[in-house]
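Subject: Structure handover

Hello,

Here is the structure I said I would pass on. Please open it first; my notes on what was found in it follow below.

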Amino acid sequence: MNKRQLLRATALAASSLLLAGTAAAQEFPPKKPVTLVVGFAAGGAADAAARLIAKKLGENIGQSVVVDNKGGAGGNIAHQFVANAAPDGSVLLFGSVGPLTIAPHLMKLSYDPFKDLAPISGGVNFPNVLVVHKGTGVKTLAEFVQLSKKKPGSVDFASTGAGSASHLAGELFNQRAGIDMVHVPYKGGAPALQDLLGERIASYFAAPPTAMPHVETGKLIPLATTGLTRPAYLPNIPTVAESGFPGFEALNWYAFVAPGKTPAPLLDRWNKEIVKVLNDPGVKEALLKHGLTPQPTTRAEFTAFMKKESTQWAAIIKERKLTAD
């Protein structure tokens, strides 16, 4: 073999290895175990939805999808973890409105949601419901505002962390109502709800799936929901908008993203599988029973939605001069 033939053989071998590596990186489903990371503690709305979706997703692809709860920092710990994960399609994130579109405007993050994470599809959305414990002595939103004005700086509200949707819902309500509730962040919906039930916190802009069972038993009092219209599953609870604050809206949502360098073919395949699950009649029915509305989208649609949300919350944070403290 002459020198030219040797160089050609070497180049062909290198090319074959590169193609093999690329094919392996885009293999679906991945040979490695598939993990769906959730940024909040087990027992909350994100966890409930993720486990429901993961189960059906695993059935469809013929491989188990394991939910991994990495709570803390309003979900930012989980988002950072996935931003650094191998971009081989084996790690997905049930991302949330806070870390993806709010936190970047509140604090310095070690990751960029628009560069280090790749959008796959919308997941679910829902309004929060403002609930208080019986010890507050209030039964309506008007009475709650009156209590907050009577005792400025002494009425507090829980959230699932600084920069989370429940945090911004409370801050937006502070602005619109002209009150000064104190923000108390938690690592997820479950611990926040536990302290509310124990009357260690006055109020919480909670996810309906976690709050409503306790409303039904009379342990918590629902004051208002945060969407523009009453959701079908909560027809008897007024909205903040119809309770004296027109136009008030603060929706919560979760969506699917992957490590930023995940190859496009893998992202497209995961989009196809996730949209299939979200459109499954049984899954849709189960999610709706939990108060969660399925939000399947194309990758492009979710990217545009995420940018719109980021712009909106950035303006509110700037106007309110909010910080992560």
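Lys289 is exposed, with a relative accessible area of 67%. Please keep in mind throughout that this is a predicted model. Glu285, at 45% relative accessibility, counts as partly exposed. The side chains of Lys289 and Glu285 form a salt bridge, with 3.6 Å from N to O. Both residues belong to helix 10, where they sit four residues apart, about one turn of the helix.

Salt bridges

How many salt bridges does a search of the whole structure find? The search finds eleven. Besides the pair in helix 10, two others are worth looking up.

One of the eleven is between Asp280 and Lys56, whose closest N and O atoms are 4.0 Å apart. Asp280 is in the loop between helix 9 and helix 10 (281–289), while Lys56 is in helix 2, so this pair ties together parts that are 224 residues apart in sequence. Both ends are partly exposed: Asp280 has 21% relative accessibility, and Lys56 has a relative accessible area of 23%. The cut-off for buried is under 20%, so Asp280, at 21%, does not count as buried.

The second is between the side chains of Arg230 and Glu242, at 2.8 Å from N to O. Arg230 and Glu242 are twelve residues apart, and each lies in the loop between strand 9 (220–225) and strand 10. Arg230 is partly exposed, with a relative accessible area of 37%, and Glu242 is also partly exposed, with 44%.

Returning to the pair in helix 10, Lys289 and Glu285 are four residues apart there. Elsewhere, salt bridges that share partners join Lys55, Lys56, Glu59 and Asp280 into one network.

A buried glutamate

Is Glu273 buried or exposed? Glu273 is buried, with a relative accessible area of 7%. Its place is in helix 9 (residues 264–278). Apart from neighbours within four places in sequence, Glu273 is in contact with Phe28, Leu57, Asn60 and Ile61.

Two helices and what covers them

Helix 3 covers residues 76–83, and six of its eight residues are buried, so this helix is largely enclosed by the rest of the structure. The buried ones are Asn76, Ala78, His79, Gln80, Val82 and Ala83. Which elements cover them? They include strand 1 (34–38), strand 3 (91–96), strand 4 (117–127) and strand 10 (251–259), together with helix 4 (97–102).

In helix 8 (residues 208–216), the buried residues include Pro208, Pro209, Thr210, Ala211, Met212 and Val215. The buried residues of helix 8 pack against two helices, helix 2 and helix 7 (189–197), and against strand 4, strand 5 (129–133), strand 8 and strand 9. After helix 8 comes Gly218, which has a positive phi, near 85°.

Domains

The domain assignment gives domain 1 (34–126 + 252–320) and domain 2 (129–225). Domain 1 is thus listed as two stretches of the chain. The C-alpha centres of the two domains lie 25 Å apart. Across the boundary, 24 residues of domain 1 are in contact with 20 residues of domain 2.

The cavity

A search of the whole structure finds one cavity of 30 Å³ or more. The volume of this largest cavity is about 150 Å³. Its lining has 22 residues, and those nearest the centre are Thr160, Gly189, Tyr204, Asn252 and Tyr254.

Where does the lining come from? Helix 2 (45–61), helix 4, helix 6 (165–177), strand 8 (203–206) and strand 10 each supply at least two residues. Domain 1 and domain 2 each contribute at least three residues to the lining of the largest cavity. By type, the lining residues divide into twelve nonpolar and ten polar, with no charged residues.

Where to start

If you want a short route through the model, begin with the lining residues nearest the centre of the largest cavity, Tyr204 and Asn252 among them. Then look at Glu273 and its contacts, including Leu57 and Asn60. Finish with the salt bridge between Asp280 and Lys56.

Regards

Conventions. Residues numbered from 1 in each chain as written. Predicted model: local features only at pLDDT ≥ 70, side-chain atom pairs only at ≥ 80, totals over all residues. Heavy atoms only, no water. Buried < 20%, exposed > 50% of the residue type's maximum accessible area, 1.4 Å probe, protein only. Contact = heavy atoms within 4.5 Å. 1 Å grid on protein atoms, 1.4 Å probe; cavity = no way out; pocket = protein on both sides within 12 Å on 5 of 7 lines; lining within 4 Å. Points joined across faces, edges and corners; volume = space filled by probe spheres on them. Nonpolar A, V, L, I, M, F, W, Y, C, P; charged D, E, K, R; others polar. Domains from an automatic or database assignment.
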